[in-house]
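Student: I should like to learn how to read the features of a structural model in a systematic way. May we work through one together?

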Amino acid sequence: DKARPSPWTPKRSADMSEPSDAVVLADVVQFTSLAVSQLIVFVVYFALFAGFRAVKPELFGETGRGGLIASARSVPGWALAIFRTDEELLFAKGGIDGVLHCRAAVMHFKLAALMCLTAIPMILIFAFGPREVRSFGFARLALSHVLVEPAVPWALYLAVLAAWVNTLLALQLIDEFDREAHAFALAKTKASPGMHHYAVTVTDLPKGAGAREVRHFFEAIYGDKKVIDVQMVRKYGLVPAATPVVPNVLSGKARALALEQAQKGTAPVPAVPVSGLKGKVMALFAEKLSVRKAVAAYAKALADIANTDAEVAVAAKAGKLPEGPPDLFTKVGLCGKSDPRVKAILARERARNVQNALIAALELLPPAGPPAESHGLVPAGQSQTVAGTFGINYGSSTPKQSLTRNQLGLAAQDSQDEGEMEIKEAKTDVPAISDARAAFVLFDSLTAAAGAAAGVFRVSGMEGPGPSDAWNVHAAAEPREVLWGALESLPPPSLRSQTRLLFLAIKTVAFIFWSLLVAGLALGVQAALAYVALLPNPALQTLVAIVSGIVPVLLANTLLMLMAGILRALVVKLGGVWSESQAGASVMGDYTLFLTVVAFFAPMLAISIFAALVQVGQDPLSILPLLAGAVPFSAYTFMQLVLLKTVGLATGMTALVPAIVRLIKTKLGMARTQFALAELSRGTTKGEVVRACWMSWVQLIALVYGPIAPLTVLFCTLYAGVAALSARLDVALLSRSHFDSAGLLATCASRSSLNNVAIGCLLHIAVLGLAGSTGSFYHIILLAPLPLPILAVRARVFARAKNGLHKLGRGRLPLGDTAVLDQTCERGAVRTALRGFGQSVKAFEPPCGVDARGTELVGVPLMATEAQSAAADGDERQQRLSRWLRRYEDAGAVVFGPCSSSA
């Protein structure tokens, strides 16, 4: 064994001199420069954080007074309080996903900490093993150092042992996490089944299928009166051709007329067309609004009213208002901004125009067919009274400043026997928007809903045989997580395969392009290291090393983070998903694959091939051993990115940037009302999907480089510890949960971790087997059985997923559990609760869906003068509209059903 030279032995010509210390230590200089820069960022962030939390704790929103940030006396005490956060609080704030995300972070930290037990001895062995030092920098702490003659063969066997220990530890922790995650999700779902568990989503309905047909179909299968309600999906995002144009910019003449009419309290002035180039430019700012966009514009217009009214009040209190009435004609342009009363009148005029546009958009939105049942609707005798309240004009195609019968859901009804109603559709001659061929069906039992969600139904005689006769039934998502735009624009079955192919093609091109960019940055760093040796000035050498250590990793991190948003947009647009849970699971799988391919394999292969080509010399047959031995060289590049992500997580925990934004907006008067101030303190939506992908990537780095470049494990452990604290703080305080996948994301995390173990196993076999100095296959033989325990654990994990809530149950409880829960619940209470859930709360209407009277969404007509608008304050309108748009955002308000945990 000792007689045979190692293929890794560097080949040098006679005239090659020994490399200088500046060259071999350039990687250390690069890493140190990044570490120092990130240490400065860390210190600045936490110094500002400590100062702000001492004097202005209210800037931190939910984490202000009475929260963990304000109550802890020091930063270490704050971190300890986060660590001690109770799991019940995590469940109350983040649901099942919140608890399991924190558990996954703890699992990653445990694995990284246990891997340190093998990493630290391997670091010492690699550093001091050879009798002659031939390597410097980070290369001395990796497997490549013990491959330099005189080689240390027994160190390879220790690396094989470390690979076995790390793999078995990872499999044990992953299996335990996956088993507990499934048990936790099932137990919590049994204890409090959501009301959406009583509903299913039906897609690919034929043109002839309306609410009545869908109801009769499912009642024919599951029994009479089993269906509580059928809500057809309508296309709130479409803009009909007859929609009027709403100008965003008024000409000077139009604004003057608006001000004049506002003083008289008359109807809002329509836009005055402007000819010539100016008119064409102004037309670019005009817009035709769908119902969804009109509601968003209306909310913004109400905010402008409230803010300008508050500005007028502040100026009046300070005595800064100009004397006399506002000059309506000479101070309309830029000079008019000096009088806040003019701004208030113009804001009100803009809101009146947008309100009319919203009413017009609602008029052009036809009913989704005759309702299947009439619970909670206004009887025929009361419809005219309600219509008179809003000045409803039945059957008119001209937009009025009122609500029509169609959008209010007040179709004329006549009582019949057994409490059923005969529906007489309201007549209208406006252009119709076709339904989205989807519906939500609400059953009166969990068993019926679970049974319906488990099958695909084929109905003949409506559009003829073929793909169009298949009704696809899915478990309904929580109302707060439905992606209404994606559901409304779901492509027909005939185009769905083409859409998937387009989605796959775009992803493939993006992955290849990003791989080239990231690999190019990695090669650029290596080229910078080679260029350092040619520089005559030592100071210039150090400067190049510092810049090449900071800039490339920052660019790589930016490129990698951009792909998360791109994948999310692609999934929603082309992926055929219409719920946050489905989108989150899809993004988690795609983004984890992206990080594995682009952020791991691309730079690893680029750096390894570059190092192998430098060493290959005149012996091309040694390329494979050289390539395997060069893999540890890429470790320190990943250490840089891991360090950057660690500091990013730590500084993100302070919530300093949002706090400064709140302070600036408050100081500049951008948030003057109570509602606006409350909005500034509102938590952001959770981002656990992206964080889980990065945790998986760091775990992959630790598993791959643990036996061959063990220094990376220490940095991965630091990241995992910070990630565990960050996850608990984010779930408990910083973010708000806008969906709960009931453990679906946790199963994706388990599969990602198993894939990481498998990738590490294959690379260990390749590196430790091919890079050995003895020329034997002992290392491959010792590592050959390693895939067997991986396959065994993988089989158990996939079996749990197959038989769990999200495969066999398709998001629903097992039929045995649903039957028990149905027996424990009083049927009348269930039906009453579900009718309120589906019809009063309108849980299966999008947030912009109109309420029963229209007052919450649109409100009474806006008046221009102060006397007429005193009862229609902008801040009060904002709050009322916000309550309606967020009516089912709080899971505890509408999601948990009438079956208690005791039952």
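**Reading the model feature by feature**

Tutor: Let us begin inside the fold, with a single aromatic residue. Tyr591 touches Leu560, Met561, Met563, Ala564, Leu567, Val690, Cys693 and Trp694, leaving aside residues up to four places away in sequence. Please bear in mind throughout that this is a predicted model.

Student: Which residues have the most contacts inside the largest nonpolar core?

Tutor: Tyr591 is one of them, together with Leu560, Phe594, Leu595, Phe600, Trp697 and Tyr705; the core itself has 158 residues. Helix α5 (residues 87-128) gives the most to this core, with 16 residues. A second, separate core has 27 residues, among them Ala297, Ala357, Leu365 and Leu862.

Student: What does the chain contain in helices and strands, and what share of its residues is buried?

Tutor: The chain has 33 helices and 11 strands. Of its 903 residues, 52% are buried. Its accessible surface comes to about 39,100 Å², and carbon and sulfur atoms account for 64% of that area. For contacts in the chain with a separation of 6 or more, 81% are between residues 24 or more positions apart.

Student: Where might I see two residues that are far apart in sequence placed together with their distance in space?

Tutor: Take Phe837 and His196, which are 641 residues apart in sequence and 9.0 Å apart in space, C-alpha to C-alpha. Phe837 belongs to helix α30 (residues 827-840). With a relative accessible area of 2%, Phe837 is buried.

Student: How is the length of a helix to be read?

Tutor: The general idea begins with the turn: an α-helix has 3.6 residues a turn, so residues three or four places apart point the same way. One may then compare the end-to-end span with the rise expected at 1.5 Å a residue. In helix α25 (residues 711-734), 24 residues reach 33 Å from the first C-alpha to the last, close to the expected 34 Å. For the 27 residues of helix α26 (residues 744-770), the expected span is 39 Å, and the end C-alpha atoms are 39 Å apart, which agrees.

Student: Why is α25 described as largely enclosed by the rest of the structure?

Tutor: The reason is burial: 21 of the 24 residues of α25 are buried, so the helix is largely enclosed by the rest of the structure. Helix α26 is mostly covered as well, with 20 of its 27 residues buried.

Student: How should I read a strand, and which partners does β1 have?

Tutor: One looks at the partners and then at the two faces. Strand β1 (residues 199-203) pairs with strand β7 (residues 438-443) in the antiparallel sense over five bridges. Within that pairing, Val200 has Val441 as its bridge partner. β1 also runs antiparallel to strand β9 (residues 470-475), to which four bridges join it; here Val202 is partnered by Val473.

Student: Are the faces of β1 covered or exposed?

Tutor: Both faces are covered: Ala199, Thr201 and Thr203 are buried on one side, and Val200 and Val202 are buried on the other.

Student: What lies in the loop between α7 (153-191) and β1?

Tutor: His197 is found there. His197 counts as buried because its relative accessibility is 9%, under the 20% limit. Beyond four places in sequence, His197 touches Thr189, Leu446, Ala449, Gly811 and Arg812.

Student: How does one read the sign of phi?

Tutor: Most residues other than glycine have a negative phi, and most peptide bonds are trans. Asp204 has a positive phi, near 60°. Asp204 lies in the loop between β1 and α8 (211-222) and is buried, at a relative accessible area of 9%. Lys225 also has a positive phi, near 65°. Lys225 is placed in the loop between α8 and β2 (227-232) and is partly exposed, at 32%.

Student: Where is confidence highest, and where is it lowest?

Tutor: Helix α24 (residues 688-705) has the highest mean pLDDT in the chain, 94, and strand β5 (residues 412-415) the lowest, 29. The chain averages 75, and 72% of the residues score at least 70. Over residues 331-336 pLDDT stays under 50, and the model has nine contacts for them beyond four places in sequence. Over residues 893-898 pLDDT also stays under 50, with 21 such contacts.

How values were computed. Residues numbered from 1 in each chain as written. Predicted model: local features only at pLDDT ≥ 70, side-chain atom pairs only at ≥ 80, totals over all residues. Heavy atoms only, no water. Buried < 20%, exposed > 50% of the residue type's maximum accessible area, 1.4 Å probe, protein only. Helix = DSSP H or I, 4+ residues; strand = E, 2+ residues; numbered from the N terminus. Pairing = 2+ DSSP bridges. Contact = heavy atoms within 4.5 Å. pLDDT = per-residue confidence, 0-100. Core = buried A, V, L, I, M, F, W, Y, C linked by side-chain atoms within 4.5 Å. Areas by Shrake-Rupley, 256 points an atom, 1.4 Å probe, with all protein chains shown as cover.
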